[in-house]
Amino acid sequence: MSQKKLIFIVNPKAGKSQLRKKMVEVVDEFSRGGYQVEVYTTKSAEDAENQIYEIGDRYDMVVISGGDGSLDNAVTGIMRLKERTDKIPLLGYIPCGSTNDYAKSLCISLKPEVAAKQIMNGLPCPVDVGRLAGRHFIYVAAFGIFTEVSYATPRDLKAKLGHAAYVLEAAKSLKNVKTYRLKASFDGRIITGEFLYGQVTNSRSVGGFRAVGLRDMSFHDGEFECVFIRKPKNPVQLEQILQSILTNKQNEEYIIYERAKCVKVEGITEIPWTVDGEYAGDFKQAKVEDLHNAVTLVLGDLTTYGSPETEELVPASVKKMPLLSK
């Protein structure tokens, strides 16, 4: 019987490069898990996507190390691979970025050596993938206030300050809040008005903050959790909205919550969108679709422990993940 193969794709520029000190330990963990390991270091922003598309079917598992953008890139590569072959590798994730929203949502350790053990001792779990205008994403598509922060924040500032860099850039954007008049449809349920923010997500955390009002979200139910924030009429209302976001408390007067498989947004003018923290383009009409259980992640035994860093109990939405046998 041939040995299982694993390709470990590393983004050396992600976060503070905490993986470097643990590289040997991580690779050794994969080897002891029964895999023949190959290490590949990315050379450009879309390198992981292209590598997975071109040679991903040669491996039983792909492990990506980097930030949310690196994970997004790997997922996009797998979705492209599915278009040309039936041999789709399992996906493991070792988070090494500045914010790591998706990893925190799934209680994946931020310590590389622990994350590697979670992968080797874990089980496959299908998760949903989003698609906006033909572009795939793993956890969020958004427009409006704060969405420029992630891709506009200089990379060196992210590396030095981590999440604090996003907060600093976000504070600057409050000086000139732009809003969008639009019509949005959530599986046919329509809202209209002027909005300063819209978010379509499969995550418990966005931009380093817990997603407002999404305590009961699911990563694999075929539906997005959506938050749309109306334009405030005065600074007091804006302060109330920001307070709701920071404290994770619902405010139904200004903040609309919906669940939907398909979200359509039509603006009076073009609206700039981001996916997984990266600029995705300007669209007058945008369609966001949930692709049910499109990618299979390998996750640790989430029924027995919480987040290794925060000691937070695993949320019910994570405990109920549909783990498969290897």
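This passage looks at salt bridges in a predicted model. A search across the whole structure turns up twelve of them, and three are described here in turn.

A good place to start is the contact between Glu113 and Lys22, whose side chains form a salt bridge with an N to O distance of 4.0 Å. Glu113 belongs to helix α5 (residues 112-121), while Lys22 sits in the loop between β1 (4-10) and α1 (23-32), so this pair ties together parts that are 91 residues apart in sequence. Glu113 is buried, at 15% relative accessible area, whereas Lys22 is partly exposed, at 29%. The pair also has company: Lys22, Glu25 and Glu113 are linked in a network of salt bridges.

Next come two helices. The side chains of Glu49 and Arg80 meet in a salt bridge, 3.0 Å from N to O. This pair links distant parts of the chain, with Glu49 in helix α2 (residues 47-55) and Arg80 in helix α3 (residues 68-81), 31 residues apart. With a relative accessibility of 11%, Glu49 counts as buried; Arg80, at 25%, is partly exposed.

Strands can be joined as well, as Glu289 and Arg131 show: their side chains form a salt bridge at 3.2 Å, N to O. Here too the pair links distant parts of the chain, since Glu289 lies in strand β15 (residues 278-299) and Arg131 in strand β5 (residues 123-132), 158 residues apart. Glu289 has a relative accessible area of 22% and is partly exposed. Arg131 is also partly exposed, with a relative accessible area of 26%.

Terms used:
Residues are numbered from 1 along each chain as its sequence is written. This is a predicted model: local features need pLDDT of at least 70, side-chain atom pairs count only at pLDDT 80 or more; totals for chains, interfaces and linings use all residues. Side-chain values use heavy atoms; hydrogens and water are left out. Helices (H or I, at least four residues) and strands (E, at least two) are DSSP runs, numbered from the N terminus. Buried means under 20% relative accessible area, exposed over 50%, partly exposed in between (1.4 Å probe, protein chains only).
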